[in-house]
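Q: Could we go through this structure together? I would like to start with how exposure is classed, then move on to particular residues and the overall fold.

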Amino acid sequence: MTRILLCGCNGKMGRVIAACVKEREDCKIVAGIDIHTDPFGDFPVHASPSEVQEEADVVIDFSHPALLSPLLQFGLEHKLPLVLCTTGYNHDQVNALKQASHKIPVFYSGNMSLGINLLIGLSKKAAQVLGEDFDIEIIEKHHNQKIDAPSGTALMIADAISSVEDRQMTYMYDRHSQRKKRDKNEIGMHSVRGGTIVGEHEVIFAGPHEVITLSHSAQSKEIFANGSINAAVFLAKQPAGLYDMSDLLK
């Protein structure tokens, strides 16, 4: 039985995770962390990691980038594995979590969906096969409550494509501000926010006289919740290191 400490438990994703955990027999939530401390389930909720007294095997974090520093400190002090699902980390924060992974297990992914990670693999393969003759554009769509843009998943896709390119790729976020032709080394990034869209990502490879499009549409937040829970059960048994969905899928 994997004992989970759920950070961001009173948020939308936190509540979905709690509901999914209730349906499983291999794990349970022993406590939550949230700025809103009113409990909604059968576990206590604390305002910060420093208040947690319950014994846990792993942390799942779906909260806010501002909480990363105290969460890393908590994980290091208690030798507790961290599943970090929050998006919007800056460069220094990513470096900090990578440094922490030298001492504790850290699972870091901008998207916990199996399908999205397959899309990333297909996008890398397409970039390798199609080469410089094809322009690359990424369109992501999310609900109107999402704060960061572009999405962490869109950046994951762009970074994965860049990793297999021989050329130095640049990301173009705001094309209207520049009056010039498209550069061959650009990856265009476009964000749409509206309604209750769970998450849609489209990767366009536009070449001479043909266009190839790869896309993924999330129909429910449960796919992200179950992905994070599977990651937690997996990570609780691992040594120190930096892990992602590719490790979970082996």
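A: A residue counts as exposed when its relative accessible area is over 50%, as buried when it is under 20%, and as partly exposed in between. Please note that this is a predicted model.

Q: With those cut-offs, is Lys 79 buried or exposed?
A: Lys 79 has a relative accessible area of 57%, so it is classed as exposed.

Q: And where is Lys 79 placed?
A: Lys 79 is in the loop that lies between α2 and β5, the latter covering residues 82-84.

Q: How far apart in space are Lys 79 and Asp 57?
A: Their C-alpha atoms are 9.2 Å apart, while 22 residues separate them in sequence.

Q: Let us turn to Gly 131. Which loop holds it?
A: Gly 131 sits in the loop between α4 (114-130) and β7 (135-142). Its relative accessible area is 25%, so Gly 131 is partly exposed.

Q: Leaving out residues up to four places away in sequence, what does Gly 131 touch?
A: Gly 131 touches Ala 126 and Arg 167. In addition, its C-alpha atom is separated by 9.3 Å from that of Asp 166, which is 35 residues away along the chain.

Q: Back to α2. How do the axes of α2 and α3 cross?
A: The axes of α2 (residues 68-78) and α3 (residues 91-100) cross at roughly 5° and come within 11 Å. Angles under 35 degrees count as roughly parallel, so α2 is roughly parallel to α3.

Q: Which residues meet there?
A: From α2, Leu 68, Leu 72 and Leu 76 take part; they meet Gln 93, Ala 96, Leu 97 and Ala 100 of α3. By class, this contact comprises 6 nonpolar residues, 1 polar residue and no charged ones.

Q: Now the whole protein. How many helices and strands does it have?
A: The protein has 7 helices and 12 strands.

Q: What is its radius of gyration, and what would a compact globule have?
A: The radius of gyration is 19 Å, which agrees with the value near 18 Å for a compact globule of 250 residues. Along the principal axes, the C-alpha trace spans about 60 × 40 × 35 Å.

Q: What share of the residues is buried?
A: Of the 250 residues, 48% count as buried. The protein exposes about 12800 Å², of which carbon and sulfur atoms supply 51%.

Q: Finally, what share of the contacts between residues at least 6 apart joins residues at least 24 apart in sequence?
A: That share is 67%.

Notes: Residues are numbered from 1 along each chain as its sequence is written. This is a predicted model: local features need pLDDT of at least 70, side-chain atom pairs count only at pLDDT 80 or more; totals for chains, interfaces and linings use all residues. Side-chain values use heavy atoms; hydrogens and water are left out. Axes are lines fitted to C-alpha atoms, for helices over the stretch in contact, and angles run from 0 to 180 degrees between N-to-C directions. Helices (H or I, at least four residues) and strands (E, at least two) are DSSP runs, numbered from the N terminus. Angles under 35 degrees count as roughly parallel, over 145 as roughly antiparallel, 65 to 115 as roughly perpendicular and the rest as oblique. Contact means heavy atoms within 4.5 Å. Ala, Val, Leu, Ile, Met, Phe, Trp, Tyr, Cys and Pro count as nonpolar, Asp, Glu, Lys and Arg as charged, and the others, Gly among them, as polar. The radius of gyration is taken over C-alpha atoms; the globule rule is 2.2 Å times the number of residues to the power 0.38. Buried means under 20% relative accessible area, exposed over 50%, partly exposed in between (1.4 Å probe, protein chains only). Accessible areas come from the Shrake-Rupley method with a 1.4 Å probe; for residues, only the protein chains shown count as cover.
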